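Biologist: Could you walk me through this one? I'd like to hear the reasoning behind each label.

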Amino acid sequence: QMVGESQADPKAAIVGIKLLYPNGLVQHAGVILGVGGIADHAHRGLTAQDPGYMARAICAQELSAVTAACMLCRRDVFDQVGGFDAEHLQVAFNDVDLCLKVGAAGWRVVWTPHVTAEHRESLSRGSDFKPEHQARFFAENQ
């Protein structure tokens, strides 16, 4: 389905999906710029079938950004825009930065609700608010 979304539009370079918490609520349904100062996940906390505002949580659409937790990206476009910024954005917002660079290069970022996966946000790396992660996280928020 993700490959199908990318093949349906030759300008689609990135495809993201709907991610659900283990309890079935939406964790990610695209990224909205400006929320929380930089960006945050759209439709967080809705049920998986909730249409959301203007049915945006159930319609495939072009967005400014999606999370890299489950992202399909054309390799040639990834290379063209310089990939992830591992120097300045080691963890937080590197996916948003990549999506913005892809959009600025004339490509599209697409999100689809027709593919879902369970995502245990930050489970493997831990909270950004743990003392050992705070300096990096706050620097990435600047």
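Modeller: Let's start with a term: buried means under 20% relative accessible area, exposed over 50%, and partly exposed in between (1.4 Å probe, protein chains only). Keep in mind that this is a predicted model, where local features need pLDDT of at least 70, side-chain atom pairs count only at pLDDT 80 or more, and totals for chains, interfaces and linings use all residues. Residues are numbered from 1 along each chain as its sequence is written, and side-chain values use heavy atoms, with hydrogens and water left out.

Biologist: Why is Cys-73 called partly exposed?

Modeller: Its relative accessibility is 23%, and the partly exposed class lies between the buried and exposed cut-offs.

Biologist: What makes Cys-99 buried?

Modeller: Cys-99 has 1% relative accessibility, so it counts as buried.

Biologist: How do you know that the count of disulfides comes to zero?

Modeller: A disulfide is a pair of cysteine sulfur atoms within 2.5 Å. The sulfur of Cys-73 has its closest cysteine sulfur in Cys-99, 7.8 Å away, so that is too far for a bond.

Biologist: Why is strand S1 described as largely enclosed by the rest of the structure?

Modeller: Strands (E, at least two residues) are DSSP runs, numbered from the N terminus. In S1 (residues 12-20), nine of the nine residues are buried, so the label follows.

Biologist: What makes S1 and S2 a pair?

Modeller: Two strands pair if DSSP finds at least two bridges between them. S1 and S2 have two, in the antiparallel sense, and Leu-19 has His-28 in S2 as its bridge partner.

How values were computed: Helices (H or I, at least four residues) and strands (E, at least two) are DSSP runs, numbered from the N terminus.
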